[in-house]
Amino acid sequence: MNFPRAVRSPAVWRGIITIVAAIAVLTWPALLAGLIVLLVGIGAIAVGIVELVGWRTSRPRDQSDLIRGLILLVGGVVVLFVPTEPIDLLGAAIAAIIGIRSVLGIVQAIRAWRRNREDPFWPVVNGVLSLGLVISLLLIPDAVITLVVFAVAGSWIVSGVVVLVHALGDDDPTSPAPTDVAGVLKDKTMAPELRDTITAAIFEGMDSREGTNRYVALMAFATAIAALGVEADSTAVVIGAMLIAPLMSPIVALSAGILMGWFDRALYALQRVGLGVLIAVFVSFVTAIISPELVEITANSQVLSRTSPTLLDLLIALAAGGAGGYALSHPKVGNSLPGVAIAVALVPPLAVVGVSIQDGEFAFAVGASLLFLTNLVGIVIAGGAALVLSGYSPWTQVGQSGETARRSFGLIAVSLVLVAIPLAVIGRDIVDQAMANSIAEDVVKDWLAGVEGASAGSIVVQGEKVTVVVFAPIDTAGAPDAESLADDMAEALSRPVDLSLKVIPESTFDVSSQ
C-alpha cells in the first residue's frame, strides 16, 4: 500500500475538489449560477474583442471571425447587463455559443466534404449532439446545467476513486503515480482464459436454435407474468417477472460486441433484443385481451409509474448497466444479476406498452416505450464502461476496434441525447406540477384557517386552471370569499389563475338513544 503516492496523484485531488464543488452546488445553486453568469459574460466579451482584433489584423480576413467576434461581444454585454434569472440567462448564453460554433463547424465540414469528398459522419454526429444540447438549454436550462455539472463532477470523482484504489493497491514505490483513468487502464487487461470463459457466458446460445428457443420461452413467460401483474396492479407479481426476464444478457452482449469489434456477435445480440421486444409487446397485448381488467388503466399504479420516465430513470439505467457489466465480467459476483434485473426493469415497460395499446391509451404506450429505450441506452453505455474497467475489453482494444466501433458508439451517444431531452422535459414538468400543488395546498389551508370545522379536499393545479374542493359545516358564517382565494393563489403561483371552487356542506349530529 502506497498512500503518499496516491495523495500525489492529480486525479485524486480532482475527485476531492469536485466533491466539495458538488456540495457547494447543492447548497448554494443560485449563488453559483450568478457567479457563472458573471464569468461567462466577461469571458464572452474578452474573447469577442480578441476575435475582432484578430480579424482586423489578419490577411486575408475571414468573415466568420468577424461574425463570431460580434456575436460574442454583444452576447457578453447582454449576459452582464440584461436583468433576468441567472440560470435562464446562463442557459441562453451557453446555447448561443454552442449553437454558433456548431453551425460554423457544420458549414466548414460541408465545404471540406464538397472539395475533398471527406466523410461527413462525425460532423453530423457532433452537430446533432450540439443541437440537442442547445434545445435542452433553451427548454430546461436549470436541469441541463445541473446535469452537466454533476456529470463532470461524477466523472472526476470516479477518476479519483479508480486512481486512488489503484495507487493504494500497488506495492511498487518506484512506479509513477497515474494522473488519470487512462493511465490506470492502459495496461489493465484480463487473463485470456478468464476472458474466454466470460465471453462464452455473455454470448451463450446467441446463434444456436436451442438458445433461441430458451430465450423465446423465457421472454414469453416473463411478459405474461408482467402483463398479469400490471392488470392486477400487483408489484410483487411484476417483480417476479423481472427475475426471469432474459433481456439483460443480450443488451450487455451488444455492448461487448461493439467494444471488442465483434460486429457479427453484436448484430446477433441486437437481433435478440429486437426479438425480445416483439415478443413482449405481442404477448402483453394478447394477455390484456384475455385477462380481466381488475384496475382501471388510468388509475393503475403499475402503468402510471412507467409512463412518465425522467432523468432519474436514466441514472438508474446507467447504474444498473454498470452493475450488470461488472457482474458478467466477474463470475464470482454473477449471482447479483437478479438484483440488477429488478433494478432496471426491462420487461415491465414493454408489458405496459402492449396493455396500453390494447386499451387504446397510446400516450401511455409512448411513455413506456421511452422508458424502455432509456434503459436500453443506459445499459449499453454503462455496461461497456464496466467491461473496460474490468479489463475484459482492454483500453488498447477500444482504440483498435476500428472506425465502425467508434461510429457505433457515436450513434449511441446521439441516442442518449435524443432520449435525455424528453426525459429532462418530463422531469421538469413533474417537479413543477408537484411544487404547484404543494403551494396551492398551503394557500388553501391558510384560506381556511379562520373557518371552524372546515377542511381541504382535493386540490389540482393544471396550468392556469385550479380546482379546489373543500368541506365546511352548513352553518359556517363569515367564511372568506372565493375571490380572495383566487387572488392569493395567483400571487403564490406567480401567474393568472382560473379558480373552480366547490364547497361541500357537512353536518354533524350527536344523538344518544336509550
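**Close-up 1. L243 in helix α11 and the surrounding nonpolar patch.** L243 sits in helix α11 (helices are DSSP runs of H or I, at least four residues, numbered from the N terminus). The model is predicted: local features need pLDDT of at least 70, side-chain atom pairs count only at pLDDT 80 or more, and totals for chains, interfaces and linings use all residues. Residue numbers start from 1 along each chain as its sequence is written, and side-chain values use heavy atoms, without hydrogens and water. L243 is partly exposed because its relative accessible area is 45% (buried is under 20%, exposed over 50%, partly exposed in between; 1.4 Å probe, protein chains only). With L218, F221, I225, V237, I239 and I244, L243 forms a nonpolar surface patch of about 540 Å² accessible area together. Two or more residues come from each of α10 (209–231) and α11 (235–244). α11 gives the most, four residues. Patch members have over 30% relative accessible area and no salt bridge; nonpolar side chains are joined within 5 Å.

**Close-up 2. The aromatic pair F203–W262.** The whole structure holds one aromatic pair. F203 and W262 meet edge-to-face, 6.0 Å centre to centre, with 65° between the planes (centres within 6.5 Å; edge-to-face is over 60 degrees). F203 lies in the loop between α9 (192–202) and α10, W262 in the loop between α12 (248–260) and α13 (263–290), 59 residues apart. F203 is buried, at 8% relative accessible area. W262 is partly exposed, at 27%.

**Close-up 3. R265 over the rings of F203 and W262.** R265 lies over the face of F203, 5.0 Å from the ring centre. Its charged end also sits over the ring of W262, 4.9 Å from the centre. The criterion for Arg is CZ within 6 Å of the ring centre and within 35 degrees of the ring normal.

How values were computed: Patches are made of residues with over 30% relative accessible area and no salt bridge: like charges are joined within 9 Å, nonpolar side chains (Val, Leu, Ile, Met, Phe, Trp, Tyr) within 5 Å. Accessible areas come from the Shrake-Rupley method with a 1.4 Å probe; for residues, only the protein chains shown count as cover. A salt bridge is a side-chain nitrogen of Lys or Arg within 4 Å of a carboxyl oxygen of Asp or Glu. Rings of Phe, Tyr and Trp (its six-membered ring) pair if their centres lie within 6.5 Å; planes under 30 degrees apart count as stacked, over 60 as edge-to-face and the rest as tilted.
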